[in-house]
Amino acid sequence: MSNLIAPSILAADFANLQRDIEMVNNSDADWFHIDIMDGVFVPNISFGMPVLKAISKHATKTIDVHLMIVNPDQYIQTFADLGADILTVHYEACTHLHRTVQAIKASGMKAGVALNPHTPIAVLEDIIADLDLVCIMSVNPGFGGQSFIENTYKKVSQLKHLIEFSESNCQIEIDGGVTDKNANQLVEAGANILVAGSYVFKSENPTETIADLKGLVN
Ligand code: DX5
Ligand code: ZN
């Protein structure tokens, strides 16, 4: 199974967090997607280090941390210590992106870069060979439950071409508004990791929803 499902914990029930983590552990999901927001880079605050620490204690799958914060550099080692396997920073939040990416790798994590919906793929040309993952935001970051932006398909194809051209091993993750309605087209365009928050956690049977989504794209 080469296409992965990463449930976004932002949509979990925080009063039953351990239950929801165990659900993901025991499901067909591949990764935990963890959204960290600072109220500055995005107009919302999610949760921070103590909550990630609690999640890490119970999670048995890869922890994919998506930082929606300014100055991510000052927290790289902290996120490594908290159990992040992949650390994704926003292109728009990094002045010295190359340095940030190297620092993430030096801390033993895989390095990802996320692009806002308005940011073109071309800005990654000179960094793509150093990246393990690119996260294409298919909504404006900050909130779960928003509608998928259709222009994303085009960006996925462009990124796929750039990755092939540069012989990079970079993976393509899609974040925002993912459902059974767009999953296939995203994978056909070249995506291989689908983040899904509301679609999974607001469904009647999240375990089944994860299994169905995974089956749909594999
Ligand atoms: C949005 C976050 C997403 C969010 C996705 O800023 O980065 O990971 O949780 O939620 P849904 O799947 O509900 O759009
Ligand atoms: Zn995210």
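Two residues are in contact if their C-beta atoms, placed from the backbone, lie within 7 Å. The structure is a predicted model, in which local features need pLDDT of at least 70, side-chain atom pairs count only at pLDDT 80 or more, and totals for chains, interfaces and linings use all residues. Residues are numbered from 1 along each chain as its sequence is written, while chains are lettered from A and ligands numbered from 1 in the order in which they are written.

**Exercise 1. Determine which residues UniProt places under "binding site", and why they gather at one spot.**

Step 1. In an unreviewed entry, UniProt assigns this feature to His 33, Asp 35, His 66 and Asp 175. Such positions follow the numbering used here, feature names are shortened, and annotations may be inferred rather than shown by experiment.

Step 2. These residues span 143 residues in sequence, yet no two of their C-alpha atoms are more than 10.4 Å apart, so they gather at one spot.

**Exercise 2. Establish whether Asp 175 is buried or exposed, and which residues it contacts.**

Step 1. Asp 175 belongs to strand β7, residues 171-175. Strands (E, at least two residues) and helices (H or I, at least four) are DSSP runs, numbered from the N terminus.

Step 2. A residue is buried if 20 or more other C-beta atoms lie within 10 Å of its own, exposed if 12 or fewer, and partly exposed in between, the C-beta atoms being placed from the backbone. Asp 175 has 25 C-beta neighbours inside 10 Å and therefore counts as buried.

Step 3. Apart from neighbours within four places in sequence, Asp 175 is in contact with His 66, Cys 135, Met 137, Ser 138 and Val 195.

**Exercise 3. Describe the surroundings of His 66.**

Step 1. His 66 is part of strand β3, residues 62-68.

Step 2. Because 28 C-beta neighbours lie inside 10 Å, His 66 counts as buried.

Step 3. Outside the four nearest places in sequence on either side, the contacts of His 66 include His 33, Asp 35 and Asp 175.

**Exercise 4. Locate the buried side of helix α1.**

Step 1. In α1 (residues 17-25), the buried residues are Asp 20, Ile 21 and Val 24.

Step 2. Their arc around the axis, taken from the directions from the helix axis to the C-beta atoms, is only 100°, which puts them on the same side of α1.

Step 3. Exposed Gln 18 and Arg 19 are carried on the face turned away from that buried side.

Step 4. The cover over the buried residues includes β1 (4-7), β2 (31-37) and α2 (49-58).
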